[in-house]
Amino acid sequence: MEAAARTLGLQVISLEAREARELEAAFEAASGQRAEALLTLDNGLLSVHRAELAGLATRSRLPMMSGGRVYADAGGLLSYGPDALDEYRRAATFVDKILKGAKPADLPVEQPTKFDFVVNLKTAQALGLTIPQSVLAQATEIIQ
């Protein structure tokens with residue numbers, strides 16, 4: 001991420017929260033370092049507290065992008081990542097093959113092929129942002 005940011009002339013500020021009670025301090029640190037946006041990496045803590053995370057991001061005036069659509073559903077601005085329902089369907093085909101006698105070690109590893117790009121216009125409005133039509137045209141879902 002840092003290498004990609006450098007090519008765009010951006011600086012990455014890494015913040016860490018190991019417990020829910022540390023989320024607010026992480027946002028205070030982001031504000032103190034003049035962060036302009038937030039990109040979350042999915043993990044159990046953030047997933048469980050996604051609504052709180054989205055609320056902190058909006059109150060801190062930080063546009064938040066995440067990997068899973070559940071974050072946009074919870075109030076994050078944008079999400080882009082594998083379609084979870086499609087992944088579950090694909091997993092079911094593997095279970096079916098195994099139940100029919102296939103050895104798990106013989107099954108191929110697959111990459112996701114279907115992705116969701118969700119834009120939350122309610123959050124954009126709360127942040128005072130206008131999402132360009134060219135971005136909206138690429139969204140698989142727009143939350144009004």
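The following exercises, each with a worked solution, concern a predicted model of a protein.

Residues are numbered from 1 along each chain as its sequence is written, and side-chain values use heavy atoms, with hydrogens and water left out. Because the model is predicted, local features need pLDDT of at least 70 and side-chain atom pairs count only at pLDDT 80 or more, while totals for chains, interfaces and linings use all residues.

**Exercise 1. The overall fold**

State how many helices and strands the protein has, and in which pattern they follow.

Solution. Helices (H or I, at least four residues) and strands (E, at least two) are taken as DSSP runs, numbered from the N terminus. The protein has eight helices and five strands. Along the sequence, their pattern is α-α-β-α-α-β-α-β-α-β-α-α-β. The C-alpha trace spans about 55 × 35 × 30 Å along its principal axes. Of the 144 residues, 30% count as buried, where buried means under 20% relative accessible area, exposed over 50%, and partly exposed in between (1.4 Å probe, protein chains only).

**Exercise 2. The two sides of helix H2**

Determine which residues of helix H2 are buried, and what they pack against.

Solution. Step one: in H2 (residues 23–32), the buried residues are Leu23, Ala26, Phe27 and Ala30. Step two: viewed down the helix axis, the buried residues of H2 fall within an arc of 100°, so they line one face; the arc is that of the directions from the helix axis to the C-beta atoms. The general rule is that an α-helix has 3.6 residues a turn, so residues three or four places apart point the same way. Step three: the face turned away from the buried side of H2 carries exposed Glu28 and Gly32. Step four: the buried residues of H2 pack against strand E1 (38–39), helix H3 (44–48) and helix H4 (50–59), with contact meaning heavy atoms within 4.5 Å. Just after H2, arginine 34 takes a positive phi of about 60°.

**Exercise 3. The aromatic cluster**

Identify which residues the ring pairs link into a cluster, and describe the geometry of each pair.

Solution. Rings of Phe, Tyr and Trp (its six-membered ring) pair if their centres lie within 6.5 Å; planes under 30 degrees apart count as stacked, over 60 as edge-to-face and the rest as tilted. A search of the whole structure finds two aromatic pairs. First, tyrosine 80 and phenylalanine 115 are stacked, at 5.6 Å centre to centre with 10° between the planes. This pair joins strand E3 (residues 78–82) to strand E4 (residues 115–120), its members being 35 residues apart. Second, the rings of tyrosine 80 and phenylalanine 117 have centres 6.4 Å apart and planes at 70°, so this pair is edge-to-face. Tyrosine 80 in E3 and phenylalanine 117 in E4 are 37 residues apart. The cluster thus comprises Tyr80, Phe115 and Phe117. Tyrosine 80 is partly exposed at 44% relative accessible area, phenylalanine 115 is partly exposed at 35%, and phenylalanine 117 is buried at 14%.

**Exercise 4. The length and ends of helix H6**

Compare the expected span of helix H6 with the distance between its end C-alpha atoms.

Solution. The expected span is 1.5 Å times one less than the number of residues. For the 16 residues of H6 (residues 84–99), the span should be 22 Å; the end C-alpha atoms are 23 Å apart, which agrees. At the N-terminal end, aspartate 83 caps H6, with a side-chain oxygen 2.9 Å from the backbone nitrogen of leucine 85. Just after H6, glycine 101 takes a positive phi of about 110°.

Technical notes:
A polar contact is a pair of N or O atoms within 3.5 Å; within protein, one must be able to donate a hydrogen and the other to accept it, and residues adjacent in sequence count only if both atoms are side-chain atoms.
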